[in-house]
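Here are a few short exercises to work through with the model open beside you. Try each task before reading its solution.

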Amino acid sequence: MTDPSESLAVSPVGSVYSNGESFMLAQRMAQQICTSTIVPPAYQGQQGFSNCIVALELSHRMGLSPLAIMQNMQPIHGKPQWTSTFLIALINRCGRFSPLRFAYDNPDAPTSCYAYATELKTGETLRGTTITLQMAQAEGWLNRSGSKWKTMPAQMLMYRAASFWARIYASDLTLGISTTEEIVDVEPVTVREESPMSSTGKTALERARQIRTAEEVENARSWLKQGSLPENETKLISSAVDERVQFLSQPLSDQERQQVVEALDANPDTKAMFSSLFGVSDEAPLINFVTTKWHQAAVFQNLP
């Protein structure tokens with residue numbers, strides 16, 4: 001049977017800071033990821049581009065899928081944090097310990113809990129700090145607005161016991177990053193309700209993220225000027241158009257340029273059209289004129 005924790009692995013990219021080529025590759029990957037609608041909002045759009053770079057670096061350091069990092073690491077008050085369930089999964093999949101277990105003083109109405117596991121190399125039982133409701137009260141976790149300590153104390157005791165255990169015995173796995181519950185308990189979080197986007201706005205946003213030509217950019221901007229959408233949706237879509245223009249203006253790598261030229265060589269009619277468009281003579285190498293992602297997008301859009 002497949003171990004569920006295996007779904008966390010594996011990172012497809014080396015350290016993004018190891019050399020210039022790795023950093024450029026990470027930027028191209030991040031640019032694709034930030035246009036996705038299934039990654040969390042903190043990683044979407046140009047404002048999430050840098051977060052994607054950080055997530056790719058963490059995925060390399062931790063040997064995990066970038067998507068697993070993004071789904072389980074979100075910023076609160078500008079600080080990255082892990083979900084507690086992800087933290088427990090990290091411990092259980094690392095291969096150094098037995099699965100993390102929890103002991104309550106009273107399973108039916110618990111007031112305290114500690115985590116424990118066995119270190120496989122030595123056979124030693126590693127017991128974590130005992131977390132109590134009295135501690136939660138003294139630290140101010142219990143009485144915070146919206147606190148889950150009042151409604152689901154057993155779960156909160158378990159989550160806090162897991163994070164304390166990890167800090168003592170597996171701090172290298174967490175990279176010193178706190179859990180959601182720790183940050184929320186220490187600093188209050190304001191949650192704002194966002195108005196649902198109209199179906200027209202959603203369609204326009206998706207099209208903006210798929211723009212390939214300068215004509216499509218102009219059409220999108222002209223349509224937005226008509227004022228058919230609420231101001232907040234217009235700003236979001238306009239930003240998406242600007243992000244797409246910025247992305248398409250990026251230079252191609254030598255490998256990408258070669259792929260475009262090979263695709264044109266395999267399609268003489270399309271090649272003739274673009275040779276005419278670029279004003280390329282038979283003697284001049286077409287690859288010298290294929291320089292940006294605008295060219296790449298236009299070529300592949302016109303291939304049969």
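## Exercise 1: Charges over rings

Task: Find what sits over the ring of W141, and give its distance from the ring centre.

Solution: The charged end of R160 is placed over the W141 ring, at 4.0 Å from the centre. Please keep in mind that this is a predicted model. Next, turn to Y114: its face is covered by R127, which lies 3.6 Å from the ring centre.

## Exercise 2: An aromatic pair within a helix

Task: Classify the ring pair W165 and Y169 as stacked, tilted or edge-to-face.

Solution: Begin with the whole structure, where a search turns up five aromatic pairs. One of them joins W165 and Y169, with 5.1 Å from centre to centre and 50° between the planes. Planes under 30 degrees apart would be stacked and those over 60 edge-to-face, so this pair is tilted.

Now place the two residues. Both belong to helix α6 (residues 153-169), and they are four residues apart, about one turn of the helix. Ring pairs also bring in F97, giving a cluster of F97, W165 and Y169.

Task: Decide whether W165 and Y169 are buried or exposed, or something in between.

Solution: The cut-off for buried is under 20% relative accessible area, with exposed over 50%. W165 has 0% relative accessibility, so W165 is buried. Y169 has 27%, and therefore counts as partly exposed.

## Exercise 3: Two helices that cross

Task: Describe how helix α1 and helix α2 cross.

Solution: Two packed helices are described by the angle between their axes and the distance between the axes. The axes of α1 (residues 20-33) and α2 (residues 49-62) come within 9 Å and cross at roughly 120°. The angle makes α1 oblique to α2, because roughly perpendicular ends at 115 degrees and roughly antiparallel starts over 145. As for handedness, the α1 and α2 crossing is right-handed. To the contact, α1 contributes F23, A26, Q27, M29, A30, Q31 and I33, while α2 contributes F49, C52, I53 and L56.

## Exercise 4: Far in sequence

Task: Locate A298, and work out whether it is buried or exposed.

Solution: A298 belongs to helix α14 (residues 293-302). Its relative accessibility is 16%, so A298 counts as buried. A214 is 84 residues away from A298 in sequence, yet their C-alpha atoms are 9.5 Å apart in space.

For the wider picture, the protein chain has 14 helices and six strands, and 40% of its 304 residues count as buried.

Technical notes: Residues numbered from 1 in each chain as written. Predicted model: local features only at pLDDT ≥ 70, side-chain atom pairs only at ≥ 80, totals over all residues. Heavy atoms only, no water. Phe/Tyr/Trp six-rings, centres within 6.5 Å; stacked < 30°, edge-to-face > 60°. Helix = DSSP H or I, 4+ residues; strand = E, 2+ residues; numbered from the N terminus. Buried < 20%, exposed > 50% of the residue type's maximum accessible area, 1.4 Å probe, protein only. Lys NZ or Arg CZ within 6 Å of the ring centre and 35° of its normal. Axes fitted to C-alpha atoms, helices over the stretch in contact; angles between N-to-C directions. Parallel < 35°, antiparallel > 145°, perpendicular 65-115°, else oblique. Left-handed = near helix turned anticlockwise from the far one by under 90°. Contact = heavy atoms within 4.5 Å.
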